[in-house]
Amino acid sequence: KLTDEGIFPPVIKMRKEDSIVFFLNSSSDALATVAVEFNEHTTHCASTNLTIGEHGVIASSKPMPPREFSSVCFHDSGTYPVTAFGLKKNPAGVKATIEVE
């Protein structure tokens, strides 16, 4: 969840079989965006409000209003840094991590 206080939980641990993470904007009024660093890892599914950019970063293509979500699949084991922008706690960016076993 993206909340007024930041990303909850700040670390998500999952198995490859779980494969997908949903980012829900649960803030009171923030227009939030997310960026997930895939680096050398691959993915072949993400919601339409995310785009695959340069250097292995999958990011919001437009801000998400409250109660909207985006999702992305994880097919490789590894650690994926996540940054959410636009949240009240730190509009310049709040960090989290997704760890795939």
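1. A good place to start is the pairing of β4 with β8: the two strands run antiparallel and are joined by five bridges. Please keep in mind while reading that this is a predicted model. Within the pairing, Val21 has Val72 of β8 as its bridge partner.

2. Staying with β4, have a look at how its side chains alternate. Val21 and Phe23 are buried and point to one face, whereas Ile20, Phe22 and Leu24 point to the other face and are not buried.

3. Phe23 deserves a closer look for its neighbours. Leaving aside residues up to four places away in sequence, Phe23 touches Val34, Val36, Met64, Glu68, Phe69, Ser70, Val72, Val82 and Ile98. Val72, the bridge partner of Val21, is thus also one of the residues that Phe23 touches.

4. Phe23 leads on to the nonpolar interior. The largest nonpolar core has 23 residues, and Phe23 is among those with the most contacts inside it, along with Leu2, Phe74 and Ile98. At least two residues of this core come from each of β4, β5, β9 (78–85) and β10 (94–100). The strand that gives the most is β10, with four residues.

5. Next, the cysteines. The model has one disulfide, formed by Cys45 and Cys73 with their sulfur atoms 1.5 Å apart. The pair links distant parts of the chain, 28 residues apart: Cys45 sits in the loop between β5 and β6 (50–52), while Cys73 belongs to strand β8 (residues 69–73). The disulfide is left-handed, because the torsion about its S-S bond is about -130°.

6. How buried or exposed are Cys45 and Cys73? Cys45 has a relative accessible area of 26%, so it is partly exposed. Cys73 has 7% relative accessibility and therefore counts as buried, the cut-off being under 20%.

7. Finally, a word on Ser27, which lies in the loop between β4 (20–24) and β5 (33–37). Which class does Ser27 fall into, buried or exposed? Ser27 counts as buried because its relative accessibility is 7%. Its side chain makes a polar contact of 2.6 Å with the side chain of Asn25. Not counting residues up to four places away in sequence, Ser27 touches Leu2, Thr3, Asp4, Pro66 and Leu87. Leu2 will be familiar from point 4, as one of the residues with the most contacts inside the largest nonpolar core.

Notes
Residues are numbered from 1 along each chain as its sequence is written. This is a predicted model: local features need pLDDT of at least 70, side-chain atom pairs count only at pLDDT 80 or more; totals for chains, interfaces and linings use all residues. Side-chain values use heavy atoms; hydrogens and water are left out. Buried means under 20% relative accessible area, exposed over 50%, partly exposed in between (1.4 Å probe, protein chains only). A polar contact is a pair of N or O atoms within 3.5 Å; within protein, one must be able to donate a hydrogen and the other to accept it, and residues adjacent in sequence count only if both atoms are side-chain atoms. Contact means heavy atoms within 4.5 Å. A disulfide is a pair of cysteine sulfur atoms within 2.5 Å. A nonpolar core is a set of buried Ala, Val, Leu, Ile, Met, Phe, Trp, Tyr and Cys residues joined through side-chain atoms within 4.5 Å. Two strands pair if DSSP finds at least two bridges between them.
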